[in-house]
Amino acid sequence: MWSSLNEWLWQERFWLPPNNSWAVLEDRDGLVYAHPQDMLMALPLALALVAVRFTFERFVGLPLSRWLGVRNQTRRPVKPNATLEKHFLTEGQRPTGPQMSLLATQCGLTLRQTQRWFRRRRNQDRPCLTKKFCEASWRFAFYLCSFIGGISVLYHESWLWTPVMCWDSYPRQPLKPALYHWYLLELSFYISLLITLPFDTKRKDFKEQVAHHFVTITLIVFSYSTNLLRIGSLVLLLHDSSDYLLEACKLFNYTHWRRVCDALFIIFSLVFFYTRLVLFPTQILYTTYYESIANSGPFFGYYFFNVLLMTLQLLHVFWSCLILRMIYSFIKKGQMEKDVRSDAEESDSSDGEAAQEYPQLKNRAAHRPGAAPTDGPRSRAARRMANGHTPAT
């Protein structure tokens, strides 16, 4: 049964253009071609990258964060409370107003004490600043090395400057060792990101990140198996060109080097928009959709590859919207405040919860302990003055 399934899966009509067979991709006369089984080496290499990552974060990222003055915010511990803990884990981390009042009654606490308990409990689950710095430092180091490596591998290749050359003599395109090692390293890195995903900082675009990793891994494996290495290498290099700038921006944001962070954010935004919203659709998508079948008819791999690339483009648009929100905040406030994908640390005094505890009146005056009564003569006079009437003398 397994052999039948394997034979069906590797039918040439799925993977190769019409009138081509796996025989044309057999190594001969000193020429080496890409073979799907080569990608199996990415699995042990991904595990090795996970070990390298934790070593890097422990002995490089952590000391570097301390040297640059990254300090974790002090968090007050919560008092053990079985009822509140059960609700936090099963019902949700942010109870509604009626739920909060009911929980406060059940536990014999005031509403403010219950709100403070949930606020501090949420802070406990948020990653500390040092952890974020170490993660960003590892990704920055890898993306920068990968981008430099990709430039060195592709700089002298014709298809880097003329994407239509990606289809020259396709699929009879020999594999160069440098391109193979770079491709294998990229695949191993994205697999390692999936392995460590449960332990990494979870952001608001967590689902989109998971989708991006799966699409990227599928693209790398599929492009290697079908010898689409040329166009695949352009996609990888295009993404690496802005990823290391984003991680560098995060690093300087965590160290509170505002001016450097702001400058890097502007550079990153320009590079991101140009590579993901201009070059990617006009060069990558255009050549894969039109020029790839100029000399041959479409096949299953053609449609599958283009669907994956379009999925990437949709993710580009999604992240572009988030960047535009950050740019709006940057223009409005004059500096980068935070990544809109991250949850901010909550202080012990929350304006939103204070407003719930002291509801506002229609005239925007709030009941607070020790506040003057709002139905006395002085209050009525104040309301008349606020409405444009002066008290009679």
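## A buried serine in helix α10

S225 is buried, with a relative accessible area of 2%. A word of context before going on: this is a predicted model. S225 belongs to helix α10, which covers residues 206-225. Its side chain reaches back to the backbone oxygen of V221, at 2.8 Å.

Which residues does S225 touch, leaving aside those up to four places away in sequence? They are W10, W15, W22 and P36. Three names from that list, W10, W15 and W22, come back in the aromatic cluster described below.

## A buried glutamate without a salt bridge

Let us move to helix α9, residues 177-196, where E186 is found. E186 is buried, yet it has no salt bridge. The nearest side chain of opposite charge is that of R276, and it is 10 Å away. Since a salt bridge calls for a nitrogen and a carboxyl oxygen within 4 Å, R276 does not serve as a partner here.

What does the side chain of E186 make a polar contact with? The partner is the side chain of S146, at 2.4 Å. S146 also appears among the residues that E186 touches, together with F142, I220, L236 and D240; residues up to four places away in sequence are not counted in this list.

## Aromatic pairs and a cluster

A search of the whole structure finds 26 aromatic pairs. One of them is formed by W167 and Y170: the ring centres are 6.0 Å apart and the planes meet at 85 degrees, so this pair is edge-to-face. W167 counts as buried at 13% relative accessibility, and Y170 is buried too, with a relative accessible area of 14%. The pair of Y289 and Y302 has its centres 6.3 Å apart and its planes at 35 degrees, so it is classed as tilted. Y289 lies in helix α12 (residues 258-289) and Y302 in helix α13 (residues 300-333), so the pair ties together parts that are 13 residues apart in sequence. Are these two tyrosines buried or partly exposed? Y289 counts as partly exposed at 44% relative accessibility, whereas Y302 is buried, with a relative accessible area of 9%.

Ring pairs also link W10, F14, W15, W22, F222, F300, F304 and F305 into a cluster. As noted above, S225 touches W10, W15 and W22 of this group.

## Arginines over rings

Two arginines have their charged ends placed over phenylalanine rings. The charged end of R53 sits over the ring of F54, 5.9 Å from the ring centre. For R58, the ring is that of F59, and the charged end is 5.4 Å from its centre.

## Backbone features worth a look

Most residues other than glycine have a negative phi, and most peptide bonds are trans. Against that background, a few places deserve a visit. Y170, already met as the ring partner of W167, is joined to P171 by a cis peptide bond, with omega at about 5 degrees. P171 is found in the loop between α8 (158-161) and α9.

S169 is placed in the loop between α8 and α9. Its phi is near 60 degrees, a positive value in a residue other than glycine, and at 47% relative accessibility S169 counts as partly exposed. Where does N19 lie? N19 is in the loop between α2 (12-15) and α3 (42-67). The phi of N19 is near 65 degrees, again positive in a residue other than glycine, and N19 counts as exposed at 80% relative accessibility.

How values were computed
Residues numbered from 1 in each chain as written. Predicted model: local features only at pLDDT ≥ 70, side-chain atom pairs only at ≥ 80, totals over all residues. Heavy atoms only, no water. Helix = DSSP H or I, 4+ residues; strand = E, 2+ residues; numbered from the N terminus. Buried < 20%, exposed > 50% of the residue type's maximum accessible area, 1.4 Å probe, protein only. Lys, Arg positive; Asp, Glu negative; His and termini not counted. Polar contact = N/O pair within 3.5 Å; in protein donor to acceptor, adjacent residues only side chain to side chain. Contact = heavy atoms within 4.5 Å. Phe/Tyr/Trp six-rings, centres within 6.5 Å; stacked < 30°, edge-to-face > 60°. Lys NZ or Arg CZ within 6 Å of the ring centre and 35° of its normal.
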